[in-house]
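Me: I'd like to go through this fold with you, strand pairs and salt bridges included. Can we take it one question at a time?

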Amino acid sequence: MRIRKIGTLNFNADTNIIVDATNQDAPGIGFNVNAFFDPQPFAAEIAFRRETRQQALNAVNAFARELHSYAQRRQVVSLAGGAQVIIDDASGSATLEARLRDAAVNLLSVETTAIGVIARVRVTGTLVAPFISTTSLLNSFSSLRPYERRNISLPGLSDEYLYKNGFYCFISNMPGLYNALFAAEERESATGGSRIQAINTTSTSSGITTETWNANWATLTRARFSSATSGTITYPISTTIPADVYRLFIEIFCPTTPSANARYLIGWEGQPQIAETITAGRSWYMPALITRDGAPITVTLQVQNVPNDTLVMPLVLIPTDGVSVWNIVTPPPLIVFHMYDPQYALPRPFRTIPTGTIYGAPGFVSSRHLTVFLGVTTLNHNDLTGASANLDVRSYRIEPAAFA
């Protein structure tokens with residue numbers, strides 16, 4: 001890892017990093033491969049060569065002052081303040097950046113030599129996030145259907161690297177939409193399969209009808225309370241579903257404000273019923289974790305005191321590991337939501353149109369192989385045919401080889 005710059009200090013013949021016997025600037029600096037968003041330790045030794053002792057000490061003092069000053073002010077609106085640190089990537093280009101704060105500068109020695117006075121210091125501190133590329137790659141995907149699960153391999157990205165990603169989603173032809181669920185799952189390779197599942201109902205009580213639509217990866221079925229206001233819906237989870245621990249999501253989409261006593265109860269073999277109030281502000285609920293470990297499971301959902309035309313969508317199972325999930329809630333109609341990585345988010349990391357709330361982390365880390373899932377619906381069954389979304393994924397390279 002070759003350090004090129006700290007704050008405004010560019011390294012040259014008069015100010016440079018002291019390398020070790022292996023010609024590394026800061027050997028051992030790296031990151032936790034699972035906790036990319038965690039702060040990272042940093043340390044380096046710097047030699048300041050000046051004509052006089054006072055000039056050398058002044059350079060050290062100015063450097064320490066700058067580290068303090070940059071830590072007091074945010075350079076990016078969504079990231080804590082810190083001095084910019086730029087290092088080389090694997091090709092030798094100075095393209096990887098992080099921010100250094102909580103720094104300590106220790107004077108090691110001051111020597112008078114034939115080429116001037118050299119002050120040696122050791123700087124230690126914390127990088128508020130790992131080194132990532134200062135430039136991004138943008139990939140766009142069009143025509144995501146309601147409840148589509150799509151495997152994507154991001155073009156222009158490399159299999160050798162990891163990436164910090166953010167995304168922008170524009171939704172079309174979905175009147176009345178007020179709650180969306182979005183998930184991004186990392187796959188091991190281009191041929192790796194997704195474990196995100198949608199489970200169709202197999203039976204409903206009287207007064208509830210079913211509707212099907214093409215989600216581009218499966219034909220899915222939803223239940224409509226056409227004449228009933230309460231009823232029961234069952235879902236079979238077969239042994240063909242990969243064994244895993246899943247977050248169980250259910251969407252109950254009310255066309256009008258439900259009554260104060262509207263609620264759902266959900267349960268399955270060995271799981272006592274779980275009850276939750278159905279509210280006007282959201283349609284997505286996550287009542288429990290569920291484990292598919294061998295035997296088939298029948299999930300029974302009771303919905304009580306909801307308006308006519310309430311929709312109950314397929315159950316959605318999302319693994320607890322390796323999948324980032326966001327829940328987006330706005331007044332209707334929800335048109336836009338974005339989540340950008342805070343290291344380079346010039347606009348705010350979270351945004352919706354109209355103004356609402358996003359529950360989840362800003363951005364996610366993955367290889368270039370992903371599966372995305374978009375959980376959105378609309379009241380009119382005919383609207384499902386024309387409803388779609390466009391997705392932009394913006395990726396910043398993380399380069400482990402740059403960390404000696």
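Me: How many bridges join β4 to strand β7?

Reply: Keep in mind that this is a predicted model. β4 covers residues 40-50, and β7 takes in residues 116-127. The two strands run antiparallel, and the number of bridges joining them is 11.

Me: Which residue in β7 is the bridge partner of A43?

Reply: We're still on the antiparallel pairing of β4 with β7. Look across from A43 into β7, and the partner there is T124.

Me: β4 also pairs with β3, so what is the bridge partner of T15 in β4?

Reply: β3 is made of residues 15-17, and 3 bridges join this strand to β4 in an antiparallel run. For T15, the partner in β4 is F48.

Me: Which strands are the edge strands of the open sheet β14-β17-β22-β19-β20?

Reply: That sheet has 5 strands with antiparallel pairing, in the order β14-β17-β22-β19-β20. An edge strand here pairs on one side only, and that applies to residues 203-204 and 271-277. Those are β14 and β20.

Me: Staying in that sheet, which residue of β22 stands opposite I237?

Reply: β17 (residues 231-237) and β22 (residues 297-304) run antiparallel, with 7 bridges joining them. Opposite I237 you'll find I297.

Me: In the hairpin of β15 and β16, which residue takes a positive phi?

Reply: β15 (residues 208-214) and β16 (residues 219-225) are antiparallel and joined by 7 bridges, with T209 partnered by R224. The hairpin leaves 4 residues between the strands. The phi near 75 degrees belongs to N216.

Me: Is R222, which forms a salt bridge with E211, buried or exposed?

Reply: The closest N and O atoms of this pair are 2.8 Å apart. R222 lies in β16 and E211 in β15, so the salt bridge ties together parts that are 11 residues apart in sequence. E211 has 14% relative accessibility and counts as buried. R222 comes in at 0%, so the answer for it is also buried.

Me: Which residues are linked with E211 and R222 in a network of salt bridges?

Reply: The R222 and E211 pair is part of a wider set. Joining them in the network are R224 and D309.

Me: Where does R368 sit, and which residue does it form a salt bridge with?

Reply: R368 is in the loop between β29 (364-366) and β30 (369-375), and at 18% relative accessibility it counts as buried. Its contacts, leaving out residues up to four places away in sequence, include I152, L154, P155 and Y163. The salt bridge partner, with closest N and O atoms 2.8 Å apart, is D159.

Me: How many residues apart in sequence are the parts that the R368 and D159 pair ties together?

Reply: D159 lies in the loop between β10 (148-153) and β11 (162-172), while R368 is in the β29 to β30 loop. So the pair ties together parts whose separation in sequence is 209 residues.

Me: For the salt bridge of R195 with D244, which of the two counts as buried?

Reply: Their closest N and O atoms are 2.9 Å apart. The pair links R195, in the loop between β12 and β13, to D244 in strand β18, 49 residues apart. R195 counts as partly exposed at 34% relative accessibility. At 19%, the buried one is D244.

Me: Which residues make the nonpolar surface patch of about 230 Å²?

Reply: One member is M286, which sits in strand β21 (residues 284-292) and is partly exposed at 37% relative accessible area. The full set is V245, M286 and L289.

How values were computed: Residues numbered from 1 in each chain as written. Predicted model: local features only at pLDDT ≥ 70, side-chain atom pairs only at ≥ 80, totals over all residues. Heavy atoms only, no water. Pairing = 2+ DSSP bridges. Buried < 20%, exposed > 50% of the residue type's maximum accessible area, 1.4 Å probe, protein only. Contact = heavy atoms within 4.5 Å. Patch = residues over 30% accessible without salt bridge, like charges linked within 9 Å, V, L, I, M, F, W, Y side chains within 5 Å. Areas by Shrake-Rupley, 256 points an atom, 1.4 Å probe, with all protein chains shown as cover. Salt bridge = Lys/Arg side-chain N within 4 Å of Asp/Glu carboxyl O.
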